[in-house]
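Morning, everyone. I have one structure to walk through today. Please have a look at it on the screen first.

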Amino acid sequence: LQFLYFIVNRTMGPHYDRMLRLEKLDINLYRAKNLEKPHPKARAVYGGQIIGQALVAAQETVEDKNLTVHSMHAYFLLGGDPDTPAVYHVDRIRDGRSFSTRSVLVKQNGKAIFSAQVSFHKPEESPLDHFRPMPTNIPPPEECLTSQEFLLQQVEKYKKAKNKVMARMFSSAAKDQETVVSPVEVRYVDPRDSLLLQAPMPREPREPIKRIWFKSKDKLSGDTQMVHDCIAAVASDNLIIAAAAKPLGTPYTNYKLFTSLDHSLWFHAPFCADEWMYYEVECPRAKAGRATIFGRIYKANGELVVTVAQEALLRLEIPQSKL
């Protein structure tokens, strides 16, 4: 078996390797064995990992390295089993002078769990260049907390208040957080957004917006943009659904289903994923169990480099009347 991306040894590191490494089984056919859950209590594979691995597989089949990914449109068909290898089949739809198109189908045990269309483009010079500015009132990442830092703050808070039950619950959540595998470091503008799905924080209704800073945990050499694109693809699915749930204020544990249905990415300009990037997510509409969510990823200098869109499924446990 041939491991994809020998650049692991020169441009990437252990976090990227564990999350995105694939084995090449045959032409256009790849396999992933290391599949991770987004948090310890989750049953399915982290969607961002499947997105990132599909992008790795698609990029591997593009021979013209002057072409870079500009868009990806994906559907989550079934929840992935973290204990079963995933097989990635790439269909080379078209190779042109300016564009190449790939279709990626991911299967486990013979069943399709994910499909994606990925398009690559040779960058062009154009006077058309504008974007929505990054918000100006956002604290820098150095002033924001990680999930672990916030949870430990809560432990100390409840210990001082002599509330042993809450202190114990937050301590358990902090230990769970230590087991989360991710190639990116995440800091939350509003630390309440950092809570794991099972964390014991009372929730009040809030606006459907989530704001984070993220960057690769590994130092990337930057000699290939595709490495940075894959890191951003993984990070783009970072609890994006949480924004949709905020207005109701209902604990995540009250949901029967809390999952992504589809996911789209548009890559506008080069960036370095091992430098801090600002990611803002908002949900303008939720109805009939589905939520539509949009995201924008900015470089620290304020340039918009990636746009994200997702539809998610949120099914609540509705108490049955005893009458």
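I'll go from the whole chain down to single residues.

First, a caveat. This is a predicted model. Keep that in mind for every value I quote.

Now the overview. The protein chain has 323 residues, and 51% of them are buried. There are 7 helices and 13 strands. The accessible surface of the chain is about 16,400 Å². Carbon and sulfur atoms account for 52% of that surface.

What about contacts along the sequence? Take contacts between residues at least 6 apart in sequence. Of these, 69% join residues at least 24 apart.

Next, the inside. How many residues are in the largest nonpolar core? The count is 70. The residues with the most contacts inside that core are Met-72, Tyr-88, Phe-114, Val-118, Phe-214 and Leu-314.

Let's stay with Phe-114 for a moment. I leave aside its neighbours within four places in sequence. Phe-114 then touches Ile-50, Ile-51 and Ala-54, among others. Its contacts also include Met-72, Ala-74, Tyr-75, Phe-76 and Leu-77. Val-104, Leu-105 and Val-106 are on the list as well.

Some of those names come back on the surface. Tyr-75, Leu-77, Leu-78 and Leu-105 form a nonpolar surface patch. Together they have about 380 Å² of accessible area. Tyr-75 sits in strand β4, residues 68-76. Is Tyr-75 buried, partly exposed or exposed? Its relative accessible area is 49%, so Tyr-75 counts as partly exposed. The cut-off for exposed is over 50%. Tyr-75 is also one of the residues in contact with Phe-114.

Now charges. Side chains of opposite charge can pair when their charged atoms come close. How many salt bridges does a search of the whole structure find? It finds 15. I'll show three pairs, then a network.

Pair one is Glu-23 with Lys-33. The closest N and O atoms are 3.8 Å apart. Glu-23 is in strand β2, and Lys-33 is in the loop between β3 and α3. The two residues are 10 apart in sequence. Glu-23 has a relative accessible area of 7%, so Glu-23 is buried.

Pair two is Arg-92 with Glu-63, with closest N and O atoms 3.6 Å apart. Arg-92 belongs to strand β5, residues 86-95. Glu-63 is in the loop between α3 and β4. That pair links parts 29 residues apart. Arg-92 is partly exposed, at 32% relative accessible area. Glu-63 is exposed, at 69%.

Pair three is Asp-64 with Lys-122. Here the closest N and O atoms are 3.6 Å apart. Asp-64 lies in the loop between α3 and β4, and Lys-122 in the loop between β7 and α4, so this pair ties together parts 58 residues apart in sequence. Both ends are partly exposed: Asp-64 at 29%, and Lys-122 at 31%.

On to the network. Which residues are linked in it? They are Glu-207, Arg-211, Glu-280, Glu-282 and Arg-296.

Let's zoom in on Glu-280. Glu-280 is in strand β11, residues 277-287. Its relative accessibility is 10%, so Glu-280 counts as buried. The side chain of Glu-280 makes a polar contact with the side chain of Arg-211, at 3.3 Å. A polar contact at 2.4 Å goes to the side chain of Tyr-278. Now drop residues up to four places away in sequence. Glu-280 still touches Pro-135, Ile-209, Lys-210 and Arg-211, among others. Phe-294, Gly-295 and Arg-296 are on that contact list too.

Last topic: backbone angles. Most residues other than glycine have a negative phi. Here are two residues to check against that.

Asn-28 has a positive phi of about 70°. Asn-28 is in the loop between β2 and β3. Is Asn-28 buried or exposed? At 16% relative accessibility, Asn-28 is buried.

Lys-162 also has a positive phi, about 60°. Lys-162 sits in the loop between α4, residues 147-160, and α5, residues 164-178. At 74% relative accessibility, Lys-162 counts as exposed.

To recap the two: Asn-28 is buried, whereas Lys-162 is exposed.

That's my tour. Over to you.

Note on methods: Residues are numbered from 1 along each chain as its sequence is written. This is a predicted model: local features need pLDDT of at least 70, side-chain atom pairs count only at pLDDT 80 or more; totals for chains, interfaces and linings use all residues. Side-chain values use heavy atoms; hydrogens and water are left out. Helices (H or I, at least four residues) and strands (E, at least two) are DSSP runs, numbered from the N terminus. Buried means under 20% relative accessible area, exposed over 50%, partly exposed in between (1.4 Å probe, protein chains only). Contact means heavy atoms within 4.5 Å. Accessible areas come from the Shrake-Rupley method with a 1.4 Å probe; for residues, only the protein chains shown count as cover. A polar contact is a pair of N or O atoms within 3.5 Å; within protein, one must be able to donate a hydrogen and the other to accept it, and residues adjacent in sequence count only if both atoms are side-chain atoms. Patches are made of residues with over 30% relative accessible area and no salt bridge: like charges are joined within 9 Å, nonpolar side chains (Val, Leu, Ile, Met, Phe, Trp, Tyr) within 5 Å. A salt bridge is a side-chain nitrogen of Lys or Arg within 4 Å of a carboxyl oxygen of Asp or Glu. A nonpolar core is a set of buried Ala, Val, Leu, Ile, Met, Phe, Trp, Tyr and Cys residues joined through side-chain atoms within 4.5 Å.
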